[in-house]
Amino acid sequence: MKQLSTKVTSNGHGQDSSYFLGWEEYEKNPYDEMKNPNGMIQMGLAENQLCFDLIESWLAKNQDAASLKRNGQSIFRELALFQDYYGMPEFKKAMAEFMEEIRGNRVTFDPKKIVLAAGSTSANETLMFCLAEPGDAFLLPTPYYPGFDRDLKWRTGAEIVPIHCSSSNGFQITESALQQAYQQALKLDLKVKGVLVTNPSNPLGTALTRRELNLLVDFITSKNIHLISDEIYSGTMFGFEQFISVMDVLQDKKLENTEVSKRVHIVYSLSKDLGLPGFRVGAIYSNDEMIVSAATKMSSFGLVSSQTQYLLSALLSDKKFTSQYLEENQKRLRHLLDTNTFEAELDLWKKIVYNVKLNISPGSSCHCTEPGWFRVCFANMSEDTLDLALKRLKTFVESTDCGRMISRKSHERLKSLRKKTVSNWVFRVSWSDRVPDER
């Protein structure tokens, strides 16, 4: 009998978790509006399809990039030949500038400190290989992305110890929760190598506060461990609050170019903010030269194709486009409020109550500190009534100028791809506070 490795025969991948089993069931019976109307609807996939029309329009206007040409001349042969694993300098420069733009140009990124990877899954695993030995642990706040049990542990042998966060304070990270997780790891005879957070949170969709980020930096400083900040949703914030990167905190604390900064690493990808998970473009950013060097060598096992780098280098270098894209992406996520005010929230509430005939509660009535949130109760009605309420809400959303445009573009694109799925995102008005995720 042929002997197989323990990686193959073990259950460490986590494929039997409900997260992956749900995907398997969907693959067996996928919903199709015409061919399989009773099939399973995919609601476990966080793909950003809101602004594909903008990217498609850019491609139509930039035929050289789309056709792998430079100044009208084909560079197919140049791109088809072997490329080293350091990545194209022009692409890494464009990535660095795009990451800066998302953060309001408050911080800077050095392209030489960027390591390219085949998506954030590869980037996170590479960091685990660089930072941890088999049996070492990383602390992760709960709830966390189910795929981390695969990404961080399966091949690296690293362990995850949860930082238990509670809904009582909105799942915010506290000092006591950090200390308890650290002590739990020690009780399990595990060496803690660092903390990994997703910011904005996956799956909560909330952003870490400046207080939490300061707490994390202080914690890893006191314990002499690492901090990995997975910021793949940094340009896709649903709410109106400003995204704060760990880089902002390092700058505020004047910790740039210190030993602490060398233990802070950022993971990013274009899967969410540009809606390009199929392009498999991820990145590691680190101030530690040894980490950058080692991760670059490891990237040879998961390179980003030169064709992809060339195309996206041209797209990201178009500052007029990236500015328009980021602005429109945010607008389409939260287009129902005219302004970021409680007055606009009440105006929207009045339309929903008096015109749509749905009684929902504005967040201000619940003493919410930011506008745009609504309380919706549905356990007091029949399923038919709930369906009617959602239909009314869908009709109202699509009646807005932005809603009509988005819905039309989405329908046309999905029809052309023969992937007819319900545009569930149109239901996500200001009261929707959680976004499902897949990386």
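1. A good place to start is the edge of the main sheet: in β9, the bridge partner of I114 is Y285. The strands β3 and β9 run antiparallel to each other, with four bridges between them; two strands count as paired if DSSP finds at least two bridges between them. Strands and helices here are DSSP runs (E, at least two residues, for strands; H or I, at least four, for helices), numbered from the N terminus.

2. Before going further, please keep in mind that this is a predicted model, in which local features need pLDDT of at least 70 and side-chain atom pairs count only at pLDDT 80 or more, while totals for chains, interfaces and linings use all residues. Residues are numbered from 1 along each chain as its sequence is written, and side-chain values use heavy atoms, with hydrogens and water left out.

3. Now the overall picture. The protein has 17 helices and eleven strands. Of its 439 residues, 48% are buried, where buried means under 20% relative accessible area, exposed over 50%, and partly exposed in between (1.4 Å probe, protein chains only). Among contacts with a separation of 6 or more, 73% are between residues 24 or more positions apart; a contact means heavy atoms within 4.5 Å. About 22400 Å² of the protein is exposed, and carbon and sulfur atoms supply 53% of that area, as computed by the Shrake-Rupley method with a 1.4 Å probe, where for residues only the protein chains shown count as cover.

4. Back to the sheet. Seven strands form an open sheet with mixed pairing, in the order β3-β9-β8-β7-β6-β4-β5. The edges are β3 (114–117) and β5 (159–163); each has a single partner strand, so one side of each is left without a neighbour in the sheet. On average, neighbouring strands of this sheet are turned by 25° against each other, direction ignored. Elsewhere in the order, β7 (residues 226–230) and β8 (residues 264–269) pair in the parallel sense over four bridges, and L227 stands opposite V264 in β8.

5. What do the side chains of β3 do? I114 and L116 point one way, V115 and A117 point the other way, and all are buried. In general, side chains of a regular strand alternate between the two faces of the sheet. Helix α6 (residues 89–102) lies across β3, β8 and β9 (282–286), running at about 105° to β3; axes are lines fitted to C-alpha atoms, for helices over the stretch in contact, and angles run from 0 to 180 degrees between N-to-C directions.

6. Helix α6 also carries a charged pair. K93 forms a salt bridge with E97, with the closest N and O atoms 2.7 Å apart; a salt bridge is a side-chain nitrogen of Lys or Arg within 4 Å of a carboxyl oxygen of Asp or Glu. The two residues are four apart in α6, about one turn of the helix. K93 is partly exposed at 44% relative accessibility, and E97 is partly exposed at 24%.

7. The structure holds eleven salt bridges, so here are two others for your list. R210 and D252 meet with an N to O distance of 2.4 Å. This pair links distant parts of the chain, with R210 in helix α10 (residues 210–223) and D252 in helix α11 (residues 246–252), 42 residues apart. Salt bridges that share partners also join K93, E97 and K319 into one network. The side chains of R70 and E78 meet at 3.3 Å, N to O; R70 is partly exposed at 36%, as is E78 at 41%.

8. Some backbone spots deserve a look on screen. Most residues other than glycine have a negative phi, and most peptide bonds are trans. The bond from T142 to P143 is cis, with omega near -5°, and P143 lies in the loop between β4 (137–141) and α8 (148–151). N199 and P200 are also joined by a cis peptide bond, with omega about 0°; P200 is in the loop between β6 (192–198) and α10.

9. Which burial class goes with each positive phi, buried or exposed? L68 has a positive phi of about 55° although it is not a glycine, and L68 is buried at 17% relative accessible area. N71 likewise has a positive phi of about 55°, but N71 counts as exposed at 71%. N71 is found in the loop between β1 and β2 (73–74).
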